[in-house]
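Student: I should like to learn how the descriptive terms for a protein model are justified. May we go through them one at a time?

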Amino acid sequence: MRYLALILSLCFLSACGFTPLYQTANNGANVSNELSFIDVAPIPDRLGQVMRNHLLTTFNVGANSKYELRITLNQESLGYGTRPDAAATQEQLTVTAEIKLIDPSTESVLYSDNLFARTSFDLVLSDFSNVVQREDSAERLAIEIGERIHKRLALYFKNTVEQPGSITE
């Protein structure tokens, strides 16, 4: 009975229309290969360095590049909640990223998007603790946005790879 249920569920699963994201397409193209051809342009500041290093690792970038990823990062903080001495008790940190995937040979934009991530943390009386919390929160947000960039570009290449006459060599 257990095996019958498993076989039936596999039959229904195969008919649902979902395909694995990193599956090789019928024309031989592969999303992982296309992601490895992305060269991530340097991003200013320490936060940009964290995001760039994360993206280079997740893309598994090789020696040859067919695409260039340009990212503009912005960081905003907003204090709210007040103590009796009028100081803020919490801080909300927002990191936004504008991304553009560019074909370097033609300088045409293949994909663009705007992403943001937000977090908040308590402010304490120690300035050192507040600075460490702010930097740690910003790095976590940069990595979170990097994960989203990876997923969105994988979906972009998945949709592009499956079209006949697309990005294969």
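Student: Why is Asn33 called partly exposed?

Tutor: This is a predicted model, and Asn33 in it has a relative accessible area of 40%. Buried would require a value under 20%, and exposed a value over 50%. Asn33 at 40% therefore falls in between and is called partly exposed. Asn33 belongs to helix α2, and its C-alpha atom is separated by 19 Å from that of Asn53, 20 residues apart from it along the chain.

Student: What makes Asp45 exposed?

Tutor: The relative accessible area of Asp45 is 68%. The cut-off for exposed is over 50%, so Asp45 meets it. Asp45 is part of helix α3. Its phi, near 75 degrees, is a positive value in a residue other than glycine.

Student: Which other residue has a positive phi, near 60 degrees?

Tutor: That is Glu107, again a residue other than glycine. Glu107 is found in the loop between β3 and β4.

Student: Why does Glu107 count as partly exposed?

Tutor: Its relative accessibility is 47%. Exposed needs over 50% and buried under 20%, so Glu107 counts as partly exposed.

Student: How do you know that α3 and α4 pack together, and at what angle?

Tutor: The axes of helix α3 (residues 45–59) and helix α4 (residues 127–161) are 9 Å apart, at an angle of about 35 degrees. Their crossing is right-handed. Among the residues that make the contact are Val50, Met51, His54 and Leu55 of α3, and Ala142, Ile143, Ile149 and Leu153 of α4. By class, the contact has eleven nonpolar, four polar and three charged residues.

Student: What can be said of Ile143, and why is it termed partly exposed?

Tutor: Ile143 lies in α4 and has a relative accessibility of 35%. That value is neither under 20% nor over 50%, so Ile143 is partly exposed. Leaving out residues up to four places away in sequence, Ile143 touches Val50 and His54. Between Ile143 and Asp39 there are 17 Å from C-alpha to C-alpha, and the two are 104 residues apart in sequence.

Student: Which residues of the largest nonpolar core touch the most other members?

Tutor: They are Ile38, Leu69, Ile71 and Ile149, in a core of 32 residues. The elements that give two or more residues to this core include β1, β2, β3 and β4. Helix α4 gives the most, with nine residues.

Student: What is Ile71 in contact with, apart from its neighbours within four places in sequence?

Tutor: Ile71 is in contact with Ile43, Met51, Leu55, Ala97, Glu98, Ile99 and Ile149. Contact here requires heavy atoms within 4.5 Å.

Student: How do you know whether the protein matches a compact globule or departs from one?

Tutor: For 169 residues, a compact globule would have a radius of gyration near 15 Å, whereas the protein has 21 Å. The protein thus departs from the compact globule value. Its C-alpha atoms fill a box of roughly 65 × 55 × 20 Å along the principal axes. Of its 169 residues, 32% are buried.

Student: How many helices and strands are there, and in what order do the elements run?

Tutor: The protein has four helices and four strands. From the N terminus on, the order is α-α-β-α-β-β-β-α. Of the contacts between residues at least 6 apart in sequence, 62% join residues at least 24 apart.

Definitions and conventions:
Residues are numbered from 1 along each chain as its sequence is written. This is a predicted model: local features need pLDDT of at least 70, side-chain atom pairs count only at pLDDT 80 or more; totals for chains, interfaces and linings use all residues. Side-chain values use heavy atoms; hydrogens and water are left out. Axes are lines fitted to C-alpha atoms, for helices over the stretch in contact, and angles run from 0 to 180 degrees between N-to-C directions. A crossing is left-handed if the near helix is turned anticlockwise from the far one by less than a right angle, and right-handed if clockwise. Ala, Val, Leu, Ile, Met, Phe, Trp, Tyr, Cys and Pro count as nonpolar, Asp, Glu, Lys and Arg as charged, and the others, Gly among them, as polar. A nonpolar core is a set of buried Ala, Val, Leu, Ile, Met, Phe, Trp, Tyr and Cys residues joined through side-chain atoms within 4.5 Å. Buried means under 20% relative accessible area, exposed over 50%, partly exposed in between (1.4 Å probe, protein chains only). The radius of gyration is taken over C-alpha atoms; the globule rule is 2.2 Å times the number of residues to the power 0.38.
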